Every structure is written in C-alpha cells, then in structure tokens.
Number of protein chains: 2
Amino acid sequence: MSRDALIVALNRAMRDASGQGVLYSQTVAERIGINSTDLECLDFIVLRGPISAGELAAVTGLTTGAITGVIDRLERAGFARRDRHGSDRRKVLVQAMPAVKRRLGPLFQPMERGAMSVLSKYSDKELAFLLDVFSRLSEAAATAITELNTRAKGPTKSRYTRK
Amino acid sequence: MSRDALIVALNRAMRDASGQGVLYSQTVAERIGINSTDLECLDFIVLRGPISAGELAAVTGLTTGAITGVIDRLERAGFARRDRHGSDRRKVLVQAMPAVKRRLGPLFQPMERGAMSVLSKYSDKELAFLLDVFSRLSEAAATAITELNTRAKGPTKSRYTRK
DNA sequence: GTTGATATCTTACATTCTAAGATATAAGGT
DNA sequence: ACCTTATATCTTAGAATGTAAGATATCAAC
C-alpha cells in the first residue's frame, strides 16, 4: 500500500473507530435506560468528582436549564445525587452514587475485554508509542476545533430555508 | 509508566480522541447549519453512493419516519437529492449534491491538516502498524457491541448490525 | 443594607425522535 | 387478470430533550 493510500485508510479507520466508540456508548446508555447525553454527563461526574451544575454545563456545552433536567433524570435513576455546596449555597454539587459502578461496570466489560485482547499483544514500547500517537491526535483535533471556531464565519444564514 | 498504567492511560486516550472526533463533527454541523444526525446521514450518503431511504434507516438505526425528515432537511439545504429508483418505484434513492464537497470540504480541512501534521512524522512501517491497530480495535468494538446486544433483556434495536 | 453579579431552576417554545398507520408499489399464487 | 401479502416511504400524534429568557436565591463588595 502506498503511503498516500495508507494515510487515507488511516483517516477512515480513525473515523470508524471513533464512531464505534460512540455507538458503544449509545448501546450502554440504552441498556441502563438513560440517554447518551445523560451518560456523557455521568462520565464527567464520575471522573471529576463532585462537580457543580454550572461546571457540568460548561464542560458539556449544554445550557444550565438542560443540565437541571440531566441531573433530575440521573437522580431519579439513582445514579447521582445533589448536595449543597458547603460555603456557597447557590451551588449544587453533583456526585455519583455507588449504583454507577455496580450497574455500569458490567456493561463496559465487553469493550474493556475487547480492547484488552488487542492491546495485550503489544510490547510496552508499542503501547507507549500508541499512547503518544493518541495524545498527539487528540491535541491536533482540539487545535482544529479551535481553528474552525475561530475562522471567519461567513454570512449568517438561517438554519434551514423557511417552512 | 507501568504496563497496567499504560493500558489505563491508553483506554482513556482512546475515549478522549473519540470524543474529540464527535465534537469536531458537531462543530462542522453547526457551521453549515444542520444537526449532527443529518451530517452523519450525509456522510453515509456520500460514502455509499445513491442509497435508498430504507437502507439509510437501517445503517443509522433511525426509523423510516425520522429518515424522511432527515432527507427533507438535507434536500432543503441543498446537500442531497431524491430520485425514484429505476425498477422499484416504491424506493427513493438519495444522492449527494455537488454543494457537499464544495461547502463541507473546507470545514474538514483543519482536521485533515491536523491529522496530517501528526501522521506525516511517522514512517510507512509505523503507519501500517497504526492502521492495523485501529482495524483491530474497530473489530473488537464491533464484537463488544454485538455481545452487549446479545445479552440484552428486551428486544434490541441496533445500528449497523442490521441487514 | 443596597446593589449588582452569580448559580440554579422554571417556563415557553422549537426540534427531532418513535410508533403506528396510511399510501403506493411489488411479487406470487390461483 | 385478481387477490393477498410483503415491502418502501411518508404522515401523524405524542414524547423527549434542547434553547432562551427570566425568576429566585445567594454571594460579595462597597
């Protein structure tokens, strides 16, 4: 395969792999009866410990109104809990409940095992190489997103031509 | 870094990279004034040539009713066109319009350049290695999704796995 | 204590999805 | 040819979830 063809194939493979990841998340969300947005928020809640509603809105790009709904549903499903902030009582701190690990863990196992079965075949050196590549790609993507947002935004056009 | 830590870091890096890809798509969609679902469908339309509405529903996991709306919006925005199937007049074939390449191309350039700036530093051998890894990961993910759906309790609706 | 900033929630409305059924066409048996 | 059943898309009604704007409560500074 030529170098050019290799790069084209690699770009497609990356998009496909990314898509599979999304698809897996959607499937997991469906299985536990919440939507993808709520699962993404739950991921942030788990990763970034007790987090305020406002921060959650900021990292997900949702409005605070939408976040209120997200937290309501996560609470109702038993995956998260609201607490008042100790010193600033306007704030609401959201944290994950034990049910998350118990119910979400098993659902991520097939993916973890799958990734493991692939990765376990590589040497430490190869894994380090892969980690480096992924990090660089993420960084490049972040830069590209910024670039896209920074770029002149042409004439404002309505979302769709009127009904 | 220990091997275990390496693998944990890699898993997180993969999720992050996947997320960046999604975020990029959302940004592109916003920039051209359509939603992410419509852009995903448009990608299929571009890749898989003239495709019937039903097939589009099958590969995306949307209902045919939703696909009708998607095609309506893509048509109104000038990105796609409906045609009657030659021999089976129940079918509607959807194909991309030239405007897609013209208007979408530039928006994907920052990402392409970013990926290129990373990938260009590697040897052919390294690129081949990466392509192999991505392919294996995609395949493992597909298997994991199937596994997850197989374990499902109720009737399962899945994307991409349907024929 | 008053004023303005901040954090979250509420409300009204828009968009897009699903489910069910309508419509049109196809295909096969009689 | 006719009738029945299957298929492909569209239509409709209702649900879910998003935004925007404003209400409410709290904080922070003067």
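The following exchange concerns a predicted model of two protein chains with two DNA strands.

Colleague: Why is B:Glu139 called partly exposed?

Modeller: B:Glu139 has 15 other C-beta atoms within 10 Å. A residue is buried at 20 or more and exposed at 12 or fewer. The value of 15 lies in between, so B:Glu139 is called partly exposed. This residue belongs to helix 6 (residues 124–150) of chain B. Its C-alpha atom is separated by 22 Å from that of B:Ala115, 24 residues apart along the chain.

Colleague: What makes A:Asn35 partly exposed?

Modeller: The count for A:Asn35 is 13 other C-beta atoms within 10 Å. Exposed residues have 12 or fewer and buried ones 20 or more, so A:Asn35 is partly exposed. A:Asn35 is placed in the loop between helix 1 and helix 2 of chain A. Between its C-alpha atom and that of A:Arg73, 38 residues apart along the chain, the separation is 9.6 Å.

Colleague: How do you know that the span of helix 4 of chain A agrees with expectation?

Modeller: The expected span is 1.5 Å times one less than the number of residues. For the 13 residues of helix 4 of chain A this should be 18 Å, and the end C-alpha atoms are 18 Å apart, which agrees. Just after this helix, A:Gly78 has a positive phi of about 80°.

Colleague: Why are the buried residues of helix 4 of chain A said to line one face?

Modeller: The buried residues are A:Ile67, A:Val70, A:Ile71 and A:Leu74. Viewed down the helix axis, they fall within an arc of 95°, so they line one face of the helix. In general, an α-helix has 3.6 residues a turn, so residues three or four places apart point the same way. A:Gly65 and A:Arg76, on the other side of helix 4 of chain A, are exposed. The buried residues have a cover that includes helix 2 (36–47), helix 3, strand 2 (80–84) and strand 3 (92–96) of chain A.

Colleague: What makes the buried residues of helix 2 of chain B line one face?

Modeller: Helix 2 (residues 36–47) of chain B has 12 residues, and its reach of 16 Å from first C-alpha to last is close to the 16 Å expected. B:Asp38, B:Cys41, B:Leu42 and B:Ile45 are its buried residues. Down the axis of helix 2 of chain B they fall within an arc of 105°, so they line one face of the helix. Among the elements covering them are strand 1 (51–52), strand 2 (80–84) and helix 5 (98–119) of chain B. B:Gly49, which follows helix 2 of chain B, has a positive phi, near 55°.

Colleague: What makes a group of residues in this model a nonpolar core, and which members touch the most others in the largest one?

Modeller: The members are buried nonpolar residues joined through C-beta atoms within 7 Å. The largest core has 29 residues, of which A:Ala141, B:Phe134, B:Leu137, B:Ala141 and B:Ala144 touch the most other members. Helix 6 of chain B gives the most to this core, with 10 residues. B:Leu137 touches A:Ala17, A:Ala115 and A:Val118, leaving aside residues up to four places away in sequence. Apart from this core lies another, of 16 residues, among them B:Val70 and B:Ile71.

Colleague: How many residues of chain B are in contact with chain A, and which helix supplies the largest share of that side?

Modeller: 54 residues of chain B are in contact with 51 residues of chain A. Helix 6 of chain B supplies the largest share of this side of chain B, 20 residues. By class, that side divides into 32 nonpolar, 12 polar and 10 charged residues.

Colleague: What makes a residue count as near DNA strand D, and which come nearest?

Modeller: The C-beta atom must lie within 6 Å of the strand. There are 23 residues around DNA strand D, and A:Thr37, A:Gly65, A:Ala66, B:Gly54 and B:Gly65 come nearest. Helix 4 of chain A gives the most to this surface, with five residues. The surface near DNA strand D divides into six nonpolar, 10 polar and seven charged residues.

Colleague: Which residues come nearest to DNA strand C?

Modeller: Of the 23 residues around DNA strand C, the nearest are A:Gly54, A:Gly65, B:Thr37, B:Gly65 and B:Ala66. Helix 4 of chain B provides the largest share of the surface near DNA strand C, five residues. This surface has six nonpolar, 10 polar and seven charged residues.

Terms used: Residues numbered from 1 in each chain as written. Chains lettered and ligands numbered in written order. Predicted model: local features only at pLDDT ≥ 70, side-chain atom pairs only at ≥ 80, totals over all residues. Helix = DSSP H or I, 4+ residues; strand = E, 2+ residues; numbered from the N terminus. Nonpolar A, V, L, I, M, F, W, Y, C, P; charged D, E, K, R; others polar. Contact = placed C-beta atoms within 7 Å. Arc of directions from axis to C-beta.
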